[in-house]
Amino acid sequence: MSSDADTVFMREAIALARMGYGSTKPNPLVGAVIVKDGHIVGRGFHARAGEAHAEVNALADAAAHGRDIAGATLYVTLEPCSTTGRTPPCTDAIMKSGISRVVIGSNDPNPLHSGRARGILEAAGIEVVTGVEAQSAGELNYPFFKWIVSGRPFVILKMAMTLDGKSATADGSSQWITGVEARSRVQQLRRLAGAILIGSRTLRADHPRLNVREPENWPMQPLRLVASSKMTAHELNSFFPDGNAELVRLNDAASWDKLLVSLGKRAINCLLIEGGGELADSAIEAGAVDYVEFHIAPRLLGGRGSRPVLGGANPVSLKLAKQLHRVKTVRYGDDIAVSGFLE
């Protein structure tokens, strides 16, 4: 049975998990705290793939400070792993530690682990409580959950638009519709993404770098993808001389599916689409988009030739509109971001 204290300490573990934002991919974000007599005696989070998991780091933190954890409670945001991968099973470390109670935030949908930790730990005489702050803990890992279950990346469509629904001038220029705060939010999304996709027209008009610049010297730069049927590899390399870019052809739903499967096999669990309008519409119509985030600037561009935020064919009925679910609004400076999931 969970308690108010369980909620408090799980929220601390969730905050720790966020410290690995963008650096753990394709692994999930996980945080852990060890509590004894109402006090936190160990803290840990998963920092990057191949390194120690959050539970092991929390145990190491307690040991480094000489703190006794016999009979303590471990709070962990994600079900502990129970198989040997790049690191040993966390269930083994927990059973050897003297921990007497484990509180879990969200279940791990990985078929290798899902639901196994509870049985293993309870068989060792450890009390297990699940589902504490499950929604918040699960929200940490939408990309990992989608990828580990389906083999395809979680797809985020981010677009910027003026108040009258324009994404670019008639010549395609779109820098900068939104302000610096919204652009910092885009940097956060890029940290999360293993790949960024744009259309060739957007590339030629804006020359975006499509890299992570906040923080500086970020080591895990996303793969750049440019959708085009005509651009040559030589032209692509002229925009991205570091070679971290590829051309893709996206003609129909089948080609979108092929791309997503290919990215999933490369352990890319999050794809960020940054435009333009025709590409965004193609992704939506192909059913490729999981999550939408539109940044709306308090500007009026006007003009019949200015480009709408989405291209594609004209719908004949409002019944064809795509409905967002679990909608959120956030303000970034003077701009407003509206986001939600597409079913």
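The following paragraphs describe a five-stranded sheet, a buried glutamate and several backbone features of a predicted model.

Local features in this predicted model were considered only at pLDDT of at least 70 and side-chain atom pairs only at pLDDT 80 or more, whereas totals for chains, interfaces and linings use all residues. Residues are numbered from 1 along each chain as its sequence is written, and side-chain values rest on heavy atoms, with hydrogens and water left out.

Secondary structure follows DSSP runs numbered from the N terminus, with helices (H or I) of at least four residues and strands (E) of at least two. The model contains an open sheet of 5 strands in the order 2-1-3-4-5, with mixed pairing; two strands are taken to pair if DSSP finds at least two bridges between them. Strand 2 (39-45) and strand 5 (127-129) stand at the edges with a single partner strand each, so one side of each is left without a neighbour in the sheet. From one strand to the next, the twist averages 20° (axes are lines fitted to C-alpha atoms, and angles between N-to-C directions run from 0 to 180 degrees). Strands of a sheet pair through backbone hydrogen bonds, either parallel or antiparallel. Strand 4 (residues 101-106) pairs with strand 5 in the parallel sense over 3 bridges, and valine 103 has valine 129 in strand 5 as its bridge partner.

Glutamate 55 lies in helix 2 (residues 54-64). Glutamate 55 is buried (under 20% relative accessible area with a 1.4 Å probe, protein chains only; exposed is over 50% and partly exposed in between). No salt bridge is formed by glutamate 55, the criterion being a side-chain nitrogen of Lys or Arg within 4 Å of a carboxyl oxygen of Asp or Glu. The nearest side chain of opposite charge, arginine 116, is 13 Å away; Lys and Arg count as positive and Asp and Glu as negative, with His and the chain ends not counted. Leaving aside neighbours within four places in sequence, glutamate 55 is in contact (heavy atoms within 4.5 Å) with Ala32, Leu74, Val76, Leu78, Pro80, Cys81, Cys90 and Ile94.

Most residues other than glycine have a negative phi, and most peptide bonds are trans. The bond from lysine 25 to proline 26 is cis, with omega near 5°, and proline 26 is found in the loop between helix 1 (4-17) and strand 1 (31-36). A cis bond with omega near 0° also links glutamate 214 to proline 215, in the loop between helix 8 (200-206) and strand 9 (223-227). Asparagine 217 lies in the loop between helix 8 and strand 9 and has a positive phi of about 60°; at 75% relative accessibility, asparagine 217 counts as exposed. Arginine 326, in strand 14 (residues 324-332), has a positive phi of about 50°.
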